[in-house]
Amino acid sequence: MEDQIIADLNDTRIRRQGLSLSGGDPLHPDNLSAILSLVKRVHAECDNKDIWLWTGYELAELSNEQREVVDLINVLIDGKFVQDLKDPSLIWRGSSNQILHKLR
């Protein structure tokens, strides 16, 4: 799967500006190893591709292992989606409690 993602990001016939990681929470402990491996490969093998990541965790509560991933991405959107705070006017976020962090 990683090989295909890297190939797609490098395919000059397709205009891809980066990689979006969401759903099934990329920073869940069960996903960290695979996500870290992928993010490192994108940095090493894909020229100037932004990496965005959506997580239900909040930046202040991340573990050291989760921060290792976050240190390699460009944008983090953190916080759980809250139906009562849903706001369709927000860009890149679903509810007003979520925060967009530009990291790089």
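These are numbered notes on a predicted model.

1. Architecture. The chain holds three helices and four strands. Read from the N terminus, the order of these elements is α-β-α-β-α-β-β.

2. Overall dimensions. For 104 residues, a compact globule would be expected to have a radius of gyration near 13 Å; the chain has 14 Å, so the two agree. Along the principal axes, the C-alpha atoms occupy a box of roughly 40 × 30 × 25 Å.

3. Burial and contacts. Of the 104 residues in the chain, 35% are buried. Where contacts join residues at least 6 apart in sequence, 53% of them are between residues at least 24 apart.

4. Surface and charge. The chain has an accessible surface of about 6,700 Å², and carbon and sulfur atoms account for 48% of that area. The chain carries 12 positive and 17 negative charges, and the mean positions of the two sets lie 6 Å apart.

5. Aromatic residues. Two aromatic pairs turn up when the whole structure is searched. Trp52, Trp54 and Trp92 are joined into a cluster by ring pairs. A pair of aromatic rings is described by the distance of the centres and the angle of the planes. Neither quantity is discussed in this note.

6. Backbone at aspartate 25. Most residues other than glycine have a negative phi. Aspartate 25 has a positive phi of about 20°, although it is not a glycine. This residue sits in the loop between strand E1 (18–21) and helix H2 (32–45). A reader checking backbone geometry may wish to look at this loop.

7. Backbone at asparagine 48. Asparagine 48 is likewise a residue other than glycine with a positive phi, here near 55°. Its place is the loop between H2 and strand E2 (50–55). Asparagine 48 counts as exposed because its relative accessibility is 67%, the cut-off for that class being over 50%.

8. Isoleucine 5. This residue belongs to helix H1 (residues 2–10). With a relative accessibility of 23%, isoleucine 5 is classed as partly exposed; buried would require a value under 20%. Which residues does isoleucine 5 contact, leaving aside its neighbours within four places in sequence? They are Leu19 and Leu38. Leu19 is 14 residues away from isoleucine 5 along the chain, and their C-alpha atoms are separated by 8.8 Å. Leu19 falls within the range of strand E1 (18–21), and Leu38 within that of helix H2 (32–45).

Definitions and conventions: Residues are numbered from 1 along each chain as its sequence is written. This is a predicted model: local features need pLDDT of at least 70, side-chain atom pairs count only at pLDDT 80 or more; totals for chains, interfaces and linings use all residues. Side-chain values use heavy atoms; hydrogens and water are left out. Helices (H or I, at least four residues) and strands (E, at least two) are DSSP runs, numbered from the N terminus. The radius of gyration is taken over C-alpha atoms; the globule rule is 2.2 Å times the number of residues to the power 0.38. Buried means under 20% relative accessible area, exposed over 50%, partly exposed in between (1.4 Å probe, protein chains only). Contact means heavy atoms within 4.5 Å. Accessible areas come from the Shrake-Rupley method with a 1.4 Å probe; for residues, only the protein chains shown count as cover. Lys and Arg count as positive and Asp and Glu as negative; His and the chain ends are not counted. The place of a charge is taken as NZ of Lys, CZ of Arg, CG of Asp or CD of Glu. Rings of Phe, Tyr and Trp (its six-membered ring) pair if their centres lie within 6.5 Å; planes under 30 degrees apart count as stacked, over 60 as edge-to-face and the rest as tilted.
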